[in-house]
Amino acid sequence: MKLFVRAACVAAASAVLISSATAANVVNVYTARHYDTDAALLERFTEQTGIEVNLIEGKSDALLERLVREGDRSPADVFITVDAGRLHRAVEAGVLSSVESPVLAAAVPASARHPDGLWYGLAKRARVLVVSRERVPDTVETLDYEMLALPEWRGRVLSRSSSNIYTQSLVASMIETRGDAATEAWCEGIVANFARRPQGGDRDQIRAVAAGEGDVAIVNHYYYLRMLEGNAADRAAAESVRVIFPNQSDHGTHVNFSGGGVVARAPNRENAVALLEFLVQNEAQSAFAAGNQEFPVVEGAATTSLVAELGPFVESTVNAEALGLHNAAAVRMMDRAGWR
Ligand code: FE
């Protein structure tokens, strides 16, 4: 397990954490997000509130295992991770506690938070389609996820593997909105249309479209934007594709969230709630989302110019908790369909 410790504590992390957990004005944050902007934002929180932030960074599953293992003795106050499917794992593991906050309830749309306040969405990503500018004519202005299962896309579709949480959450959202039978048929259709065996990350799907291995890929929007800002090769790849937000006239594009919740028996519960409330203020929202070219969850918070250029879109209003609830069914369905 690889963990990075920053902010106030450097050496002997656990010892420092445990002693500071009992001290007055701290909040201990376990986070699976690792953007420099997040650290800068937390410093601003300290300036505003006097509450010192101890930031423990790690991989989502490792941090969750640690929370479970530490149990009642955990110094953790806040758990932040990426994807509602992973937030659901934390819910299932019983490590989060319900927060009732008028501030959070007013700021975070209902679809972007757990119905019982076990976690709140903090940034939003859209699972979009990128198509080759060269091989998919401009006249193709709209596409739905469903269309990728039609015969005309045979041998042209690129996707990540079914072991990836982003893929699982997309299929889970389809189960919620389209039902089991339609989703299962879609899985079979899309597998039949794959350009190659699912492999690599989202960036690799975009690179594969650019390289002519396939003509359409399913990716999180920020990978496209970050490649536009990346090295020359990535920029060229991103410039060879265009983005289509699917299902604009019916279910909306599947979205997912980075989010955070207050840990069960958090030693500094009030400070934990204060931190979440800080993170949904407009300015904090903009900074938090900008770190990964995501959309803020709070209406009216400013986006980066690249995100703004992608334009407004119709998003799915499926409650994000459903993505976790249908996760196991989604995995089984993809397995049956031969989605590797
Ligand atoms: Fe990602």
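Tyrosine 222 is buried, because its relative accessibility is 2%, and buried means under 20%. The neighbouring entry in the chain, tyrosine 223, is buried too, at 13% relative accessibility. These values come from a predicted model.

Both tyrosines serve a metal. The iron ion is coordinated by the OH atoms of Tyr166, Tyr222 and Tyr223. The distances run from 1.9 to 2.1 Å. Along the sequence, the donor residues follow the spacing Y-x55-Y-Y. Tyr166 therefore stands apart in sequence from the other two donors, as the x55 in that pattern shows.

Now step back to the whole chain. The domain assignment gives two parts. Domain 1 covers 2–124 + 256–303, and domain 2 covers 125–253 + 321–337. Each is thus written as two stretches of the chain. Taken over C-alpha atoms, the domain centres are 29 Å apart. The two domains do touch: 22 residues of domain 1 are in contact with 16 residues of domain 2.

What lies inside? The largest nonpolar core holds 82 residues. Val27, Phe79 and Leu275 have the most contacts within it. This core draws on both domains, with at least three residues from each. Leucine 275 shows how distant parts of the sequence meet. Leaving aside neighbours within four places in sequence, leucine 275 is in contact with Val27, Val29, Leu42, Phe45 and Val78. There is also a second, separate core of 25 residues. Leu143, Tyr145, Ile175 and Cys187 are among its members.

Helix H12 (residues 282–290) adds another view of the packing. Its buried residues are Ala284, Gln285, Ser286, Ala287, Phe288 and Ala289. They pack against two helices, H2 and H11 (269–279). They also pack against three strands: E6 (120–132), E10 (255–263) and E11 (295–296).

Next come the gaps. How many cavities of 30 Å³ or more does a search of the whole structure find? The search finds four. The largest cavity encloses about 80 Å³ of space. Its lining includes Val29, Leu42 and Phe288. Charged names appear there as well, namely Arg33, Asp38 and Glu57. Strand E2 (26–31), helix H2 (36–49) and strand E3 (52–58) each give two or more residues to this lining. H2 supplies the largest share, three residues. Val29 and Leu42 have been met before, as contacts of leucine 275. Phe288 is also familiar, as a buried residue of H12.

Some loop positions deserve a look. Serine 159 sits in the loop between strand E7 (157–158) and helix H6 (165–178). Serine 159 counts as buried because its relative accessible area is 6%. Apart from neighbours within four places in sequence, its contacts are Phe194, Pro198, Gln199, Gln205 and Trp339.

Two other loop residues have a positive phi although neither is a glycine. Asparagine 247 has a phi of about 60 degrees. This residue is found in the loop between strand E9 (241–244) and E10. At 0% relative accessibility, asparagine 247 is buried. Glutamine 293 has a phi of about 55 degrees. Its loop runs between H12 and E11. Glutamine 293 is buried as well, with a relative accessibility of 6%.

Methods
Residues numbered from 1 in each chain as written. Predicted model: local features only at pLDDT ≥ 70, side-chain atom pairs only at ≥ 80, totals over all residues. Heavy atoms only, no water. Donors = N, O, S within 2.8 Å, 3.2 Å for Na, K, Ca; no water. Buried < 20%, exposed > 50% of the residue type's maximum accessible area, 1.4 Å probe, protein only. Core = buried A, V, L, I, M, F, W, Y, C linked by side-chain atoms within 4.5 Å. Domains from an automatic or database assignment. Contact = heavy atoms within 4.5 Å. 1 Å grid on protein atoms, 1.4 Å probe; cavity = no way out; pocket = protein on both sides within 12 Å on 5 of 7 lines; lining within 4 Å. Points joined across faces, edges and corners; volume = space filled by probe spheres on them. Helix = DSSP H or I, 4+ residues; strand = E, 2+ residues; numbered from the N terminus.
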